[in-house]
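Open the model in your viewer and keep the selection panel at hand. This tour goes stop by stop.

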Amino acid sequence: MSEIELRNVGKSYGSMSVLDDISLDMGSGEFVVLVGPSGCGKSTLLRMIAGLEDISAGEITIGGRIVNDMPAKERDLAMVFQSYALYPHMKVADNMSFALKLAGVSKSEIKRRVDEAADILGLGHLLERLPRELSGGQRQRVAMGRAIVRDPRAFLFDEPLSNLDAKLRVKMRGEIKKLHQRLGKTTIYVTHDQTEAMTMADKIVVLNGGKIEQMGPPLDLYKNPQNLFVASFIGSPEINLLRGEVDGQTLRLADGARLPLPEGHGLASGRKIVYGIRPQHIHLADSGIAAEVMLVEPTGDAQEVMLRIGVTDVTMVLGESALLQSGAKVTIGFDTANVLLFDEKTGGRIQ
């Protein structure tokens with residue numbers, strides 16, 4: 001059963017359309033990540049679900065009730081923002097319990113909920129501290145604790161990790177996922193970071209220019225992108241996209257270099273297409289395509305290698321321990337079973 005549903009939802013500011021014809025179901029207990037570049041409308045969509053933005057078209061239902069005109073405070077949703085939005089003069093326990101006090105919840109029930117949330121988030125020893133005495137990660141956990149104590153129908157996260165350093169982002173990412181698994185509540189999470197989306201989501205919704213490009217399980221979007229935008233946005237390092245013309249069983253690039261096409265591709269010679277190959281699906285080979293190493297970036301257990309084929313640059317991820325050297329001449333092969341082909345004009349996937 002869907003916990004939150006959007007039907008043909010739109011948002012406009014005067015003549016400017018920000019979101020157009022968004023239809024989306026979010027099931028009970030599902031972790032849904034809205035991802036896309038800056039300005040694609042993902043935070044606006046989250047705020048519309050929360051009731052912080054009016055909708056211009058369509059319908060939003062929560063728990064089977066239409067909430068288009070329902071105030072935010074009556075929607076039974078808890079939102080965690082990018083900024084921690086903690087009261088600086090209040091201790092952690094008071095920050096977490098403030099909304100409950102305003103709602104007239106008894107002191108004993110407030111204490112029970114705060115203690116339970118503090119135990120879940122490892123904040124028990126920090127309840128008497130002020131926000132200025134906490135680290136960034138601790139402040140974000142307090143903001144999450146404030147949401148948990150309300151026991152809402154669903155949680156909404158708006159880029160909650162953007163202000164944290166890289167190491168802490170990874171740690172907090174795991175904590176949010178574990179929190180979701182423990183509480184089992186529907187969660188909608190907004191980010192521009194596709195790695196966060198891939199590692200956390202049950203379902204990813206890729207937005208671009210105010211429209212949904214594709215949605216589905218993370219691995220489905222990675223392996224079966226429907227168009228060039230999704231293929232280029234999902235996956236790290238970014239997919240190699242090469243333009244050329246079909247010539248029998250090969251793709252001929254503008255400089256004459258040839259790349260192998262998947263067996264049985266069925267494309268007519270002369271058709272112009274975009275050839276997609278992920279860096280993880282290129283390997284060193286005894287025979288194949290001649291290339292020159294242009295740049296090597298060690299990442300610890302692997303190395304990202306920029307290669308030049310003719311005048312075209314491609315990226316390869318190599319898991320071998322021996323580092324390649326810039327200027328080295330190598331021979332590479334492509335895993336053609338994993339090659340993705342796209343129409344040059346429409347950008348749509350060629351199945």
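Start with helices α2 and α3: they are oblique to each other, because their angle of about 135° falls outside the ranges that count as roughly parallel, antiparallel or perpendicular. This is a predicted model.

Select residues 92-102 for α2 and residues 107-121 for α3. Their axes are 10 Å apart. The crossing is right-handed.

Now show side chains at this contact. On α2, pick Ala 93, Met 96, Ser 97, Leu 100 and Lys 101. On α3, the residues they meet are Ile 110, Arg 113, Val 114, Ala 117 and Ala 118.

Center on Met 96. Which residues is Met 96 in contact with, leaving aside neighbours within four places in sequence? From α3 come Val 114, Ala 117 and Ala 118. The list also holds Leu 123, Leu 127, Val 142, Gly 145, Arg 146 and Val 149.

Widen the view to the largest nonpolar core, which has 45 residues. Met 96 is again a stop here: with Met 144, Ile 176 and Tyr 189, it touches the most other members. Helix α3 supplies the largest share of this core, six residues.

Next, select Leu 253, Ala 257, Leu 261 and Ala 291. They are among the 29 residues of a second, separate core.

Finish with residues 4-234. An unreviewed UniProt entry places the feature "domain: ABC transporter" there. Draw a distance between the end C-alpha atoms of this span: they lie 25 Å apart. Color by secondary structure, and the span is 37% helix and 27% strand.

Notes
Residues numbered from 1 in each chain as written. Predicted model: local features only at pLDDT ≥ 70, side-chain atom pairs only at ≥ 80, totals over all residues. Heavy atoms only, no water. Core = buried A, V, L, I, M, F, W, Y, C linked by side-chain atoms within 4.5 Å. Buried < 20%, exposed > 50% of the residue type's maximum accessible area, 1.4 Å probe, protein only. Helix = DSSP H or I, 4+ residues; strand = E, 2+ residues; numbered from the N terminus. Contact = heavy atoms within 4.5 Å. UniProt positions renumbered as here; feature names shortened; annotations may be inferred. Axes fitted to C-alpha atoms, helices over the stretch in contact; angles between N-to-C directions. Parallel < 35°, antiparallel > 145°, perpendicular 65-115°, else oblique. Left-handed = near helix turned anticlockwise from the far one by under 90°.
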